[in-house]
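Thank you for making time for this. I would like to walk through one structure with you, slowly, so please keep it open while I talk.

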Protein chains: 2
Amino acid sequence: MSNDIFSQAQPSYGPGPRTQVRRLAERGRYDRDSVHAILDEGFVCHLGVCVGGQPVVLPQLYVRQGDVLYLHGAPANSALQTAEAAKVACVSVTLVDALVLARSAFHHSVNYRSVVAFGPAAPVSSSKEKEQALLAMVDHVVPGRSAGTRRPSPQELRATRVTKFHIEEASAKIRDGGPKDDPEDLALEGVWAGVVPLELIVGAVVPDAGVSTPVPSYIASLAGGRLHRQPRRRP
Amino acid sequence: MSNDIFSQAQPSYGPGPRTQVRRLAERGRYDRDSVHAILDEGFVCHLGVCVGGQPVVLPQLYVRQGDVLYLHGAPANSALQTAEAAKVACVSVTLVDALVLARSAFHHSVNYRSVVAFGPAAPVSSSKEKEQALLAMVDHVVPGRSAGTRRPSPQELRATRVTKFHIEEASAKIRDGGPKDDPEDLALEGVWAGVVPLELIVGAVVPDAGVSTPVPSYIASLAGGRLHRQPRRRP
């Protein structure tokens, strides 16, 4: 990765015309740390593009480095090509933390952390940058994994489209805490209210047929826990 | 809900020009059952709209009934209003089931089930339809919940925008199973490969301050298990 994306580092991604959180504005954050923390915990984003004036939203894996999100796909990937050709693309990442059950149906909610980011996208042509982005993506999902794999061949790199999405403007939105019922509902008899936490938990790993190597510690240590227990801080 | 949406029931949502799965076409499904099963397991979608030719993607809760997805927000919700005013909106739902660690970095993948749906959206004006949609949304996330809550008041219904998204064309895409390495990589020494399952697990519930009612059985039974253990079949 060239260093230029770091030199563009900015303290805040907004608010701008596309990212000002209007509804429940107190939930909005625009500082890089808040935006990056959410992007670095998730690994599936939803990429939006407009094709002939009509929206198309597709899930994509990603990794963040500086103000860039790297996405990848087949060379002919239509959504990535459209994003690269357009002036701006939109990427959305949502982490759901809990269900919030209020006394009133109206105040039911979800605790979540989400990011919506806007910016231009460009194809990555350098095979060196492609390789580091793809290995970073592997390590983003399972830290330490790329060192334990067969590295991409020049042919595999040619057979992969890597798209560099530059975060130009972004907002984070966070809801946490318990239900926020109306005062007159607090005394309702027989109505339970509270928070139901949700966690993305790693189950028992299943070795592929013919694998005799023991499960590496960086994978074994994930089992039974949250996928990303430790916040991963990156530049 | 009026019955008309059921009379439009169709055996398949595609493939059409917007939904034909081109890359790895064998992963594509277009039948209603496959699409509905994924939509009924998820509860967060990503809604895409185009604003002045630029894409905007935002997370939304939803519930499916027949060929309709109900979304909701504040009356002034810009994305919902834009979706209603446009000829077509796009809704994407993605469930991540496992990380797939191959011997080669190139063949690393994710097991997932996703739906991309296109269609027109319209505001719901009938307060009766609004109420049933909102209660259905509560029950979609926690089955049995709506009966244990204070129902929406006329004022709360007026303060909620409910948008009806009609699934006109849709595709499901499913990847499952283990890594698909190249034959020459199968003999690589010391490289572990396999599947790391991920599950959305319900943690210990946290009652709100002042709640003396015991945790209802429909909530207590969720704890420690997958949020949606049983496939929920609906019309």
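I will begin with one chain taken alone, go on to how the two chains meet, and end with some local details.

Please bear in mind throughout that what you are looking at is a predicted model.

Let me start with chain A, which has six helices and twelve strands, and whose C-alpha trace spans about 65 × 50 × 35 Å along its principal axes. Of its 235 residues, 40% count as buried. If we take the contacts in chain A between residues at least 6 apart in sequence, 72% of them join residues that are at least 24 apart.

The domain assignment divides chain A into domain 1, residues 4-197, and domain 2, residues 199-230. The centres of these two domains, taken over C-alpha atoms, are separated by 24 Å. Where the two domains touch, seven residues of domain 1 of chain A are in contact with five residues of domain 2 of chain A, and the domain 1 side of that contact is made up of three nonpolar, two polar and two charged residues.

Now to the pair of chains. How are chain B and chain A related in space? Chain B is superposed on chain A, with an RMSD of 0.0 Å, by a rotation of 180° with 0.0 Å of shift along the axis, and that is the relation of a two-fold axis. If you want to find the axis on your screen, look for B:Leu200, whose C-alpha is the one in chain B nearest to the axis, at 2.3 Å.

Between the chains, 76 residues of chain B are in contact with 76 residues of chain A. On the chain B side, at least two residues each come from β2 (44-51), β3 (54-65), β5 (89-101), β6 (109-119), α4 (127-141), β10 (194-202) and β11 (206-207). The largest share, nine residues, is supplied by β10(B). By class, the residues on this side of chain B divide into 48 nonpolar, 19 polar and nine charged.

Why can we say that the copies meet through the same surface? The reason is that 100% of the interface residues of chain B are also interface residues in chain A.

The contact between the chains also includes strand pairing, in that strand β11 of chain A, residues 194-202, and β11(B) pair in the antiparallel sense over two bridges. As an example you can locate, A:Gly194 has B:Pro207 in β11(B) as its bridge partner.

Let me now pick out a single residue, B:Val49, which lies in strand β2 of chain B. Is B:Val49 buried or exposed? It has 28 C-beta neighbours inside 10 Å, and therefore it counts as buried. Leaving aside residues up to four places away in sequence, B:Val49 touches A:Pro55 from the other chain, together with B:Val56, B:Ala79, B:Thr82, B:Ala83, B:Ala86 and B:Ala89.

Next comes helix α4(B), which has 15 residues and reaches 21 Å from its first C-alpha to its last, close to the 21 Å expected at 1.5 Å a residue. Which of its residues are buried? They are B:Lys130, B:Glu131, B:Ala133, B:Leu134, B:Met137, B:Val138 and B:His140, a list that you may like to follow along the helix. Among the elements that cover these buried residues are β3, β4 (68-73), α5 (154-158) and β8 (161-166) of chain B.

Two of those covering strands are paired with each other, since β4(B) and β8(B) run antiparallel over six bridges, with B:Gly73 finding its bridge partner in B:Arg161. Strand β8(B) is also joined by three bridges to strand β7 of chain B, residues 121-123, again in the antiparallel sense, and there the bridge partner of B:Ala122 is B:Lys164.

I will finish with a backbone detail that appears in both chains. In chain A, the peptide bond from A:Gly14 to A:Pro15 is cis, with omega near 5°, and A:Pro15 lies in the loop between α1 (4-7) and β1 (28-29). In chain B, a cis peptide bond joins B:Gly14 and B:Pro15, with omega about 5°, and B:Pro15 lies in the loop between α1 and β1 of chain B.

Methods. Residues are numbered from 1 along each chain as its sequence is written. Chains are lettered from A and ligands numbered from 1 in the order in which they are written. This is a predicted model: local features need pLDDT of at least 70, side-chain atom pairs count only at pLDDT 80 or more; totals for chains, interfaces and linings use all residues. Helices (H or I, at least four residues) and strands (E, at least two) are DSSP runs, numbered from the N terminus. Ala, Val, Leu, Ile, Met, Phe, Trp, Tyr, Cys and Pro count as nonpolar, Asp, Glu, Lys and Arg as charged, and the others, Gly among them, as polar. Two strands pair if DSSP finds at least two bridges between them. A residue is buried if 20 or more other C-beta atoms lie within 10 Å of its own, exposed if 12 or fewer, and partly exposed in between; C-beta atoms are placed from the backbone. Copies are superposed by least squares on the C-alpha atoms of residues with pLDDT of at least 70 in both. The expected span of a helix is 1.5 Å times one less than its number of residues. Domain bounds come from an automatic or database domain assignment.
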